Amino acid sequence: MATLFLRPALGLARRHVALSLLLSLAVVTQLGCSRVPSVVKIGVAQPLSGDLAPLGKDLLNGVQLAVDDLNKSGFTIDGQKVTLEVVAVDDTANAEKGVLVAQQLVDAKVVAVVGHLNSGVSIAAAPLYAKANIPQLAISTNPRYTELGLPTTFRIVANDNLQARAMGRFAAERFNSTRFAVLDDGTPYGKDLAAGALKRLQESKKEIVVQQTFDDKQRDFDAVARRMKDAKVQAVVTTLSDFQVDALLKAMQAAGLTDIHVLGGDTLKSPLLLEKSYPMSLYATSSILEARDFPNGSAFLRKYQERFKADVTYGAHYSFDAMHQIAAAMRHANSADPKKITESLHRIDSYVPITGYMKWDSKGEQTYSAVAAYKVIQKNWVSQVRSSSW
């Protein structure tokens, strides 16, 4: 009797074990099919040390602020809650270092990268991201970045073809000047942008009496200031960075060259030159429009100040929006797979919180973009004109 009792119990137990194994295998299979990890890493590659560190840290802060918001909102991908994590690296505004830190981000298995600031660095690092199918959202403006023909390159602002036209046209039409100096910093960004502006000035029959290329670390401009004085320069168009223009203006003032217009590009338009007092009229064109120029900009500026105890110095609102667009692409793709995110970024046309919309063409150029011209008035960059055509 005992044996007869145990046999059905043993059979039942075996069926329970078999059923448990099947359920366990089903769970494991489902987990194995899920391509959404619990932590999704976002790379940020910017100059976080050196002369351009204020700009790089500003862009990093924009991404971090967006990640904070998304994590607080309970961000999900394909119905699964995930935690977004920022992995930041310092490219030191150097192309060789940029390649090294790009590989670090690839090895860290980030799913997207917001980087780099400098065009030369973005161009050098782009093939590494492309090989790993990682989308790269750069604020770099040199057209060669997207002309690489890589599916992973995305530009979040207007390129220098538009900005060069803006610089040349604004200087030609707004300045009552005929004798120009054109100075650049020798980088892919600065040299090509200056060449484009120079071409537009020449088309407007302006005389280029001084033209010179420096390196991007140059701080001694005494010789060129004297040369401009001798050449009776009436206006300067330059792609030097803010700290270099600061040194240039000091040299010009010392040479007695004060009644003059100075027009720069994106890397000139920073708070550094607002802290100074120079007799020259100071202007800048930029594809990085001021946050306050957008309807939601003022609220963003307050939020940024509260979070970082500092003011926006460059383009944090653009990197903030870029991160939100990466998040939208992950939602759209129902995936954290970099290749699917890249494909989704090419398709989506969605609203972003501050600048309005971000959409890319097949090359990765920004569809919704504009360049504005600003003038320093009472220690503020005040918009003079804004256009998407120039």
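User: Under what definition do Lys 250 and Asp 246 form a salt bridge, and how far apart are their closest N and O atoms?

Analyst: A salt bridge is a side-chain nitrogen of Lys or Arg within 4 Å of a carboxyl oxygen of Asp or Glu. In this predicted model, Lys 250 and Asp 246 satisfy that rule. Their closest N and O atoms are separated by 3.8 Å.

User: Which helix holds both Lys 250 and Asp 246, and which further residue is linked with them in a network of salt bridges?

Analyst: The two residues are 4 apart, about one turn of the helix, and both belong to helix H8. Asp 246 is buried because its relative accessibility is 8%, whereas Lys 250 is partly exposed at 46%. The residue linked with both of them in a network of salt bridges is Lys 276.

User: Helix H8 also contains Asp 242; which side chain of opposite charge is nearest to Asp 242, and how far away is it?

Analyst: Asp 242 is buried yet has no salt bridge. A salt bridge requires a nitrogen and an oxygen within 4 Å. The nearest side chain of opposite charge belongs to Arg 219, at a distance of 8.2 Å.

User: With which side chain does the side chain of Asp 242 make a polar contact?

Analyst: Leaving aside neighbours within four places in sequence, the residues in contact with Asp 242 include Leu 55, Thr 267 and Ser 270. A polar contact at 2.5 Å joins the side chain of Asp 242 to the side chain of Ser 270.

User: Which helices are linked by the salt bridge between Asp 68 and Arg 307, and how many residues apart are the two partners?

Analyst: The closest N and O atoms of Asp 68 and Arg 307 are 2.9 Å apart. Asp 68 counts as buried because its relative accessible area is 17%, and Arg 307 counts as partly exposed because its value is 39%. The pair links distant parts of the chain, namely helix H2 and helix H9, with the partners 239 residues apart.

User: In which strands do the salt-bridge partners Glu 207 and Arg 179 lie?

Analyst: The side chains of Glu 207 and Arg 179 meet at 3.3 Å, N to O. Both are partly exposed, Glu 207 at 43% and Arg 179 at 25%. They are 28 residues apart along the chain, with Glu 207 in strand E9 and Arg 179 in strand E8.

User: Why does the pair of rings formed by Phe 300 and Tyr 304 count as tilted or stacked?

Analyst: The structure holds 10 aromatic pairs. Planes under 30 degrees apart count as stacked and those over 60 as edge-to-face, with the rest tilted. The ring centres of Phe 300 and Tyr 304 are 6.2 Å apart and their planes stand at 45°, so the pair is tilted.

User: How are the rings of Tyr 304 and Phe 308 placed, and which residues do ring pairs link into a cluster?

Analyst: Tyr 304 and Phe 308 are 4 residues apart in helix H9, about one helical turn. Their ring centres are 4.9 Å apart with planes at 55°, so this pair is tilted. Tyr 304 is buried, at 2% relative accessibility. The cluster linked by ring pairs consists of Phe 300, Tyr 304, Phe 308 and Phe 320.

User: What percentage of the residues in the chain is buried?

Analyst: The chain has 11 helices and 16 strands, and its C-alpha trace spans about 120 × 35 × 35 Å along its principal axes. Residues under 20% relative accessible area count as buried. Of the 390 residues in the chain, the buried share is 53%.

Methods: Residues are numbered from 1 along each chain as its sequence is written. This is a predicted model: local features need pLDDT of at least 70, side-chain atom pairs count only at pLDDT 80 or more; totals for chains, interfaces and linings use all residues. Side-chain values use heavy atoms; hydrogens and water are left out. Buried means under 20% relative accessible area, exposed over 50%, partly exposed in between (1.4 Å probe, protein chains only). Lys and Arg count as positive and Asp and Glu as negative; His and the chain ends are not counted. A polar contact is a pair of N or O atoms within 3.5 Å; within protein, one must be able to donate a hydrogen and the other to accept it, and residues adjacent in sequence count only if both atoms are side-chain atoms. Contact means heavy atoms within 4.5 Å. Rings of Phe, Tyr and Trp (its six-membered ring) pair if their centres lie within 6.5 Å; planes under 30 degrees apart count as stacked, over 60 as edge-to-face and the rest as tilted.
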